[in-house]
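Q: I'm new to this structure and would like a close look at a single part of it. Could you pick one strand, walk me through its surroundings, and then show me how the rest fits around that picture?

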Amino acid sequence: MSTTAKNTPQSHHSSLPKTPTGITGLDEITDGGLPKGRPTLICGEAGCGKTLMSVEFLVRGAVEFDEPGVFMAFEEKASELSMNVASLGFDLDKLQEQKKIKLDYVHIDRSEIEETGEYNLEGLFIRLDHAINTIKAKRVVLDTLENLFSGLTNQAILRAELRRLFQWLKEKGVTAIITGEKGEGPALTRQGLEEYVSDCVILLDHRVINQISTRRLRVIKYRGSVHGTNEYPFLIDDEGISVLPITSLKLEKKVSSDRISSGIPAMDTMLGGRGFFKGSSILVSGTAGTGKTSIAAYFANETCKRGDKCIYFAFEESPKQIIRNMHSINVDLQKHIDKGILKFHASRPTLHGLEMHLVAMYKIIKKFKPEVVVLDPITNLITVGSVSEVKAMLIRLIDFLQEEQITVMFTALTLNSIITEQTDEGVSSLVDAWLMVRDIEFNGERNRGMYIMKSRGMKHSNQVREFIITDKGLDLVEVYLGPDGVLTGSAREAQKLQEQTGYLLREFAVGNKDRELLRKRKVLEAKISNLQTEFESAEEELNKMYRQEELVKQASSKTREEITSRRRGEHGGEKGENNG
């Protein structure tokens, strides 16, 4: 697998000119590539990938950097070499026709070598110089030194010729790779001298632990340049070699304040109403059967519904199983696969070591460029590594995904064991959000409860929610608190029914009270009306008596006045008669 020239810039920390290899990850480890115009030694045991790495160095140089190269083999014939590397997608015959690469096989026979003080490599130099000049090569590979010097036992001659070879390559100004077999004990090579005269030494290792093989690379030395000093796993597949650099020690990753939905509205509500942070890491842990995979599938489905890409790494179930099972909760993942926005990658943890799984995921993610990644479940990885090794792997994966601003969701199986508790505790400290789903057993039933153990950087609920899985999907509902604690399932339904019944009874009682009060009000109002009528009748009777008395008074007064008036008139007539 290759990187372009843009991906392998010269580091500003080093003034040493470098030649980018084009091999994924190697240029990052070597801070820009191999030393330009100087020899590099690649050593290791048989089968560790020395020849393949050398060939890819030449092919990437010729194709991507327009630097022709010469491959001089002392072990494999040109036709054999072309056939062997064709599985990596390298067409050496075509490159030879284009004069971008020249393959040259030099046969070395021990019986033909005479050990004399005059023995030298002049013939090799002439042949190599002709090949370099023919295609104006910038890169050279010699594979392997052991075959070249297989007939020499005189250490003085051997050391002198080795120094001449490396010095001649430097004078030619070509960037060279020389391969060598690993020596016995601490020696990196069989001769024990190549590593001292080389400017850069890379050690390849192919080890088997617990019946699982892993290839690793380490830069032993690099004159004039900083470089990674750790062991780095690398993968050989149909696209070449991929080296996975160890994560950077600096915590300088970019972060986003954008939020993405979990696919479950009630869960988003518990997370402040907006879901998870984009580019964050989420852990969903719980016992078997609590719905961890369903939550992960819902999250992947919601991602694809937005039109974003998602990769689902399955370590327990096959993609077809997951797709079939998710139909039971009304989730159709197949349509997203058909659209090319959902990709499944299923493998047993025992297929590779942890490093190889990490390299494979790194490569797939780089190629597919998803917005969301799901790993289900990470606890299965314990079968191929210890808790500390799994944690170290996840640190590197999370670091890489954060660098790419990719949101990742892990699922983890929780058991009543020390190992799984350590896994939960170890992984939970790495992630940004931790959801825990637990069984709640009560009243002869097993129901599910969900907790948000932590969610960095956002307000979140601290309450337990009952996690419900139905043929309509996933949902979270509030739990009920009864005399015996949290109520879920049928106990919750019974409590709801009881509360509804009590509410209806209270409503009925209140209605009866209202009706009784209304009747009393009407009776009282009737009494008041009667009293009012009686009062008005009495008042009217009294007023009538008042008027009668007034009329009597008026009549009496008038009668008196008339009587008085008459009396006065009579007295006046009598006086007149008397005067006459």
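A: What follows starts at one strand, moves out to its sheet, and then visits the other sheet.

Keep in mind that this is a predicted model. Let's begin with strand β18, which covers residues 407-413 and has T407 in it. How many of the seven residues of β18 are buried? Six of them are, so the strand is largely enclosed by the rest of the structure.

T407 itself makes a good place to zoom in. Is T407 buried or exposed? With a relative accessible area of 1%, T407 counts as buried, because the cut-off for that is under 20%. Its side chain has a polar atom 2.8 Å from the backbone nitrogen of G279. If you skip residues up to four places away in sequence, T407 touches I260, F277, K278, G279, S280, I282, F299, E371, V372 and V373. One of those, V372, also stands opposite T407 in the strand pairing.

That brings us to the strands beside β18. On one hand there is β17 (residues 372-376), which pairs with β18 in the parallel sense over four bridges. Further along this pairing, L375 has F410 as its bridge partner in β18. On the other hand there is β14 (residues 281-286), which runs parallel to β18 and is joined to it by six bridges. Here V284 stands opposite T411.

Now step back to the whole sheet. What is the order of its nine strands? Reading across, you get β16-β15-β17-β18-β14-β19-β20-β21-β22, an open sheet with mixed pairing. At its edges are β16 (342-346) and β22 (473-478), each pairing on one side only. Ignoring direction, neighbouring strands here are turned by 25 degrees against each other on average. Helix α13 (residues 354-368) packs on this sheet and touches β15, β16 and β17, with its direction at about 160 degrees to that of β15. Another helix, α11 (residues 319-326), lies across β15 (310-314) and β16, running at about 125 degrees to β16.

Next, the nonpolar packing. The largest nonpolar core has 40 residues, and M267, F276, I282, I295, Y312, L333 and M409 have the most contacts inside it. Helix α10 (residues 292-305) gives the most to this core, with seven residues. Y312 shows what such a neighbourhood looks like: apart from residues within four places in sequence, its contacts are T293, A296, A297, A300, I322, K343, F344, H345, V374 and D376. There is also another core apart from this one, with 38 residues, among them I212, F313, I364 and V427.

Let's visit the other sheet. It is open too, has nine strands and mixed pairing, and reads β5-β4-β6-β7-β3-β8-β9-β10-β11. β5 (101-105) and β11 (240-243) stand at the edges with a single partner strand each, so one side of each has no neighbour in the sheet. From one strand to the next, the twist averages 20 degrees.

Which strand is a good one to look at here? Try β7 (residues 175-181), where seven of seven residues are buried. In a regular strand, side chains alternate between the two faces of the sheet. In β7, T175, I177, T179 and E181 point one way while A176, I178 and G180 point the other, and all of them are buried. The strand β3 (residues 39-44) pairs with β7 in the parallel sense over six bridges, with T40 standing opposite I177. β6 pairs with β7 in the parallel sense as well, over four bridges, and there V141 stands opposite I177.

Following β6 outward, you meet β4. Strand β4 (residues 69-73) and β6 (residues 139-143) pair in the parallel sense over five bridges, and M72 stands opposite L142. Helix α5 (residues 122-135) packs on the sheet, touching β4, β5 and β6, with its direction at about 150 degrees to that of β4.

One last stop is helix α2. How far apart are its end C-alpha atoms? They are 21 Å apart, which agrees with the 21 Å that its 15 residues (50-64) should span at 1.5 Å a residue. The helix is mostly covered, with 12 of its 15 residues buried, including M53, V55, F57 and L58. After α2 comes D66, which has a positive phi, near 55 degrees.

Note on methods: Residues are numbered from 1 along each chain as its sequence is written. This is a predicted model: local features need pLDDT of at least 70, side-chain atom pairs count only at pLDDT 80 or more; totals for chains, interfaces and linings use all residues. Side-chain values use heavy atoms; hydrogens and water are left out. Helices (H or I, at least four residues) and strands (E, at least two) are DSSP runs, numbered from the N terminus. The expected span of a helix is 1.5 Å times one less than its number of residues. Buried means under 20% relative accessible area, exposed over 50%, partly exposed in between (1.4 Å probe, protein chains only). A polar contact is a pair of N or O atoms within 3.5 Å; within protein, one must be able to donate a hydrogen and the other to accept it, and residues adjacent in sequence count only if both atoms are side-chain atoms. Contact means heavy atoms within 4.5 Å. Two strands pair if DSSP finds at least two bridges between them. Axes are lines fitted to C-alpha atoms, for helices over the stretch in contact, and angles run from 0 to 180 degrees between N-to-C directions. A nonpolar core is a set of buried Ala, Val, Leu, Ile, Met, Phe, Trp, Tyr and Cys residues joined through side-chain atoms within 4.5 Å.
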